[in-house]
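Trainee: Pick one part of this model and take me through it closely, please. I'd like to see how it sits among its neighbours.

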Amino acid sequence: MAITCRHPLSIAVIGLLLGFPSLSIGAPITFSASGANPAAIQTTVDAFRTQLGTLNANVAGSFSSGRREINWDGVPDALSAPNNLPANFFNVNSPRGVVFSTSGIGFQVSGNAAVAPVRFDNINPTYSSIFQTFSPQRLFTALGSNVLYVNFFVPGSNTSAATNGFGAVFTDVDFAGTTSIEYFNASNTSLGTSFVPTANNGLSFLGVFFNAGERISRVRITNGNSILGPNDSAELDVVVMDDFIYGEPQVVPEPSTLLLLGSGLVGLAGISWRRSRKA
């Protein structure tokens, strides 16, 4: 039996409720792959890119759709190993709408050949033999901690933003269930944690796209079970990162605003319904 809705306002209310993240029906789409070299994960990375949309320019302000990427290779030598990368480099120097944070001592991008030791050999001379790149030739890591946060902003501003998907390439994930990405919404509620597949001395990719209206305000990345350092052992799993790929950071209404709007529309719909009953 078909149900006919005679009131446009009721349709608006239904649309709002269906679009409200906490009431949405759907499941995140996970893109995951690992292997010995870039070719082993390329197809999955490209599929994630296609899901997010067209690559946008590295300029201030938000686009209405598409994606942003960070491959680290354009970071100047003066802000690469052995020097630290400013946490807001990709929101100020090259506006892409992310700011990093960590409980450690900072962040570092690996050096270029003939300028500094490559692939974090400045930290441990064995690292270039276990870390490889997806997009040559720089890699990225937090220092003093194996956990970092990626916080989203309208590119080039201090305005908090959110995205519909985030993924990253990891190198030398040895142990299952240790390297992960956790996704959070604007209310700091976890949207779930996904684990990165293993690839000893290889490359791994993990990306999650939320297709039911959920919006990601930040992600928590856990790399292995140890920080980078001069002394490693078989019990330690040190992991660093290459490309970050994520949906265009955009401003989203505060939850309280959506609730107030929803309450108002529901009230108006009720008045309209009562009037129609009297007619």
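Mentor: Let's warm up on a backbone oddity: Asn 201 counts as partly exposed, because its relative accessibility is 36%, which falls between the 20% and 50% cut-offs. Asn 201 sits in strand S10, residues 199–209, and its phi is near 65°, a positive value in a residue other than glycine. Keep in mind that this is a predicted model.

Trp 72 has a positive phi as well, near 75°, and it lies in the loop between S2 and S3. Trp 72 is buried, because its relative accessibility is 1%, under the 20% cut-off. That loop also holds Pro 82, which is joined to Ala 81 by a cis peptide bond with omega at about 5°. Another cis bond links Pro 136 to Gln 137, again with omega at about 5°; Gln 137 lies in the loop between helix H3 (127–130) and strand S5 (140–143).

Now for the part I'd really zoom in on, strand S6. It covers residues 147–152, and 5 of its 6 residues are buried. S3 (residues 98–101) runs antiparallel to S6, and 4 bridges join the two. In that pairing, Val 98 stands opposite Phe 152. S6 also pairs with S11 (residues 218–222), antiparallel again, over 5 bridges; there Leu 148 has Ile 221 as its bridge partner.

Follow Phe 152 a bit further. The whole structure has 18 aromatic pairs. In one of them the ring centres of Phe 152 and Phe 166 are 6.2 Å apart and the planes meet at 65°, so the pair is edge-to-face. Since Phe 152 is in S6 and Phe 166 is in S7 (residues 165–173), the pair ties together parts 14 residues apart in sequence. Both Phe 152 and Phe 166 are buried. The two also belong to one aromatic cluster, whose members include Trp 72, Phe 100, Phe 140 and Phe 244.

Step back from the rings and you run into the largest nonpolar core. It has 32 residues, and those touching the most other members are Phe 100, Phe 140, Val 150, Phe 166, Ile 221 and Phe 244. S7 supplies the largest share of this core, 4 residues. Phe 100 is a good one to click on: leaving out residues up to four places away in sequence, its contacts include Leu 148, Tyr 149, Val 150 and Asn 151, along with Trp 72, Phe 140 and Phe 244. A second, separate core has 12 residues, among them Phe 31, Phe 48, Phe 134 and Phe 205. In soluble globular proteins, nonpolar side chains tend to be buried together.

Two more stops involve S11 or what follows it. Arg 218 lies over the face of Phe 184, at 4.5 Å from the ring centre. Ala 234 is in the loop between S11 and strand S12 (240–247), and it is exposed, because its relative accessible area is 66%, over the 50% cut-off. Its C-alpha is 9.8 Å from that of Asp 174, which is 60 residues away along the chain.

For the wider setting, the protein has 4 helices and 12 strands, and 47% of its 279 residues are buried. Among contacts with a separation of 6 or more, 73% come from residues 24 or more positions apart. The accessible surface comes to about 12,900 Å², with 57% of it belonging to carbon and sulfur atoms.

Conventions: Residues are numbered from 1 along each chain as its sequence is written. This is a predicted model: local features need pLDDT of at least 70, side-chain atom pairs count only at pLDDT 80 or more; totals for chains, interfaces and linings use all residues. Side-chain values use heavy atoms; hydrogens and water are left out. Buried means under 20% relative accessible area, exposed over 50%, partly exposed in between (1.4 Å probe, protein chains only). Two strands pair if DSSP finds at least two bridges between them. Contact means heavy atoms within 4.5 Å. Accessible areas come from the Shrake-Rupley method with a 1.4 Å probe; for residues, only the protein chains shown count as cover. Rings of Phe, Tyr and Trp (its six-membered ring) pair if their centres lie within 6.5 Å; planes under 30 degrees apart count as stacked, over 60 as edge-to-face and the rest as tilted. A charge sits over a ring if NZ of Lys or CZ of Arg is within 6 Å of the ring centre and within 35 degrees of the ring normal. A nonpolar core is a set of buried Ala, Val, Leu, Ile, Met, Phe, Trp, Tyr and Cys residues joined through side-chain atoms within 4.5 Å.
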